Amino acid sequence: MDLKSACRMFLFPVQMLYYIVRASLFSLLPSRRKDLTKEVVLITGGGRGIGRHLAKEFAKHGARKVILWGRTEKCLKDTAEEISHSGTECHYFLCDVANREEVYKQAKVVREKVGDVTILVNNAAVVHGKSLMDSDDDALLKSQHINTMGQFWTTKAFLPRMLELQHGHVVCLNSILSQSPIPGALDYCTSKASSLAFMESLTLGLLDCPGVGCTTVLPFHTNTEMFQGMRVRFPQLFPPLKPEVVAQRTVDAVRADKAFLYLPWTMHALVILKSFMPQVALEEIHKFSGSYTCMNTFKGRT
């Protein structure tokens with residue numbers, strides 16, 4: 001080993017400590033928020049749930065145009081009308097993100113009719129909510145195609161132009177279940193874990209791309225119709241998040257160029273505990289918290 005390599009090895013832990021302290025200090029200070037008045041925002045699954053609130057929140061913060069993608073025209077139309085009435089230009093397009101050809105086709109239509117998308121929000125998701133043995137094969141495939149592969153197709157459709165413009169942002173509405181899975185939602189947890197790996201890799205890959213960033217949001221159980229019927233054992237200690245709060249925090253994270261956002265902040269502790277606690281202890285925590293049975297009353301979206 002030469003002297004230069006030895007010096008680098010010696011300085012590496014010092015550099016790591018410096019970056020940790022620096023990041024901790026910056027997190028305590030108010031950061032500058034970027035202006036959204038020139039942004040064209042596209043939200044998948046934008047007709048209802050968190051997607052609807054995201055559209056309203058981006059419009060509230062002055063986004064120039066908001067584009068909604070989804071599979072249910074009535075929901076898309078209602079949300080688009082609400083956004084338009086608030087004074088923000090809003091368009092909607094029927095698009096199933098699981099269908100690669102449809103994504104590429106509609107992306108071309110969006111560029112021609114509306115313009116270049118500068119903020120892509122991958123929000124569309126489904127959950128089957130059954131055990132592996134009780135799950136229909138097609139339903140399992142649907143979860144993977146929408147929750148995971150859909151991100152591949154939408155990002156491939158819009159990221160190249162962001163890189164050309166040296167301006168853009170890719171957002172993923174993930175879930176804490178990607179890092180702390182529960183029984184009864186095997187399809188959802190698996191797809192979200194894949195989605196998280198996709199975003200972690202993409203975030204690192206864009207470090208040398210000026211003007212283009214990523215934000216991944218990992219919320220706790222959110223009170224939307226997609227998880228209707230899910231029950232938390234101690235709702236006073238772990239109350240479900242409100243979708244409008246998730247939307248507000250997501251938009252704020254985008255404006256602050258925050259790469260990863262855990263909601264609530266206590267979810268950081270869950271991830272840290274899982275990294276060193278023995279499996280037996282984790283199983284007891286799951287039993288105590290009721291996560292083993294929280295999906296027993298699951299109904300899902302009607």
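Biologist: What percentage of the 302 residues in the protein is buried?

Modeller: Keep in mind that this is a predicted model. A residue counts as buried here when its relative accessible area is under 20%. Of the 302 residues in the protein, the buried share comes to 43%.

Biologist: How many helices and strands does the secondary structure come to?

Modeller: One of the helices is α4, which runs over residues 100-113, and one of the strands is β7, at 260-263. The full tally for the protein is nine helices and seven strands.

Biologist: What share of the contacts with a separation of 6 or more comes from residues 24 or more positions apart?

Modeller: A contact here means heavy atoms within 4.5 Å. Among contacts in the protein with a separation of 6 or more, residues 24 or more positions apart account for 73%.

Biologist: Let's zoom in on α4. How far does α4 reach from its first C-alpha to its last?

Modeller: Helix α4 has 14 residues, and 1.5 Å a residue gives an expected 20 Å. The model comes close to that, with a reach of 20 Å.

Biologist: Why do the buried residues of α4 lie on the same side of the helix?

Modeller: The buried residues in α4 are V103, Q106, A107, V109 and V110. They lie on the same side of α4 because the arc they cover around the axis is only 165°. On the other side, K105, K108 and E112 are exposed. So the value behind the one-sided placing is that arc of 165°.

Biologist: Which elements do the buried residues of α4 pack against?

Modeller: The residues in question include V103 and V110. Their packing partners are β1 (40-44), β2 (65-70), β3 (89-94) and α5.

Biologist: Which residue has a side-chain oxygen that reaches the backbone nitrogen of E101?

Modeller: This happens at the start of α4, where the two atoms come to within 3.2 Å. The side-chain oxygen belongs to N99.

Biologist: Where is Q166 found, and what is its phi?

Modeller: Most residues other than glycine have a negative phi. Q166 goes the other way, with a positive value. Q166 is found in the loop between α5 (137-165) and β5 (168-173), and is partly exposed, with a relative accessible area of 49%. Its phi is near 55°.

Biologist: Which peptide bond is cis, with omega near -10°?

Modeller: Most peptide bonds are trans. The cis one leads into P264, in the loop between β7 (260-263) and α8 (267-276). The bond runs from L263 to P264.

Technical notes:
Residues numbered from 1 in each chain as written. Predicted model: local features only at pLDDT ≥ 70, side-chain atom pairs only at ≥ 80, totals over all residues. Heavy atoms only, no water. Helix = DSSP H or I, 4+ residues; strand = E, 2+ residues; numbered from the N terminus. Buried < 20%, exposed > 50% of the residue type's maximum accessible area, 1.4 Å probe, protein only. Expected span 1.5 Å × (residues − 1). Arc of directions from axis to C-beta. Polar contact = N/O pair within 3.5 Å; in protein donor to acceptor, adjacent residues only side chain to side chain.
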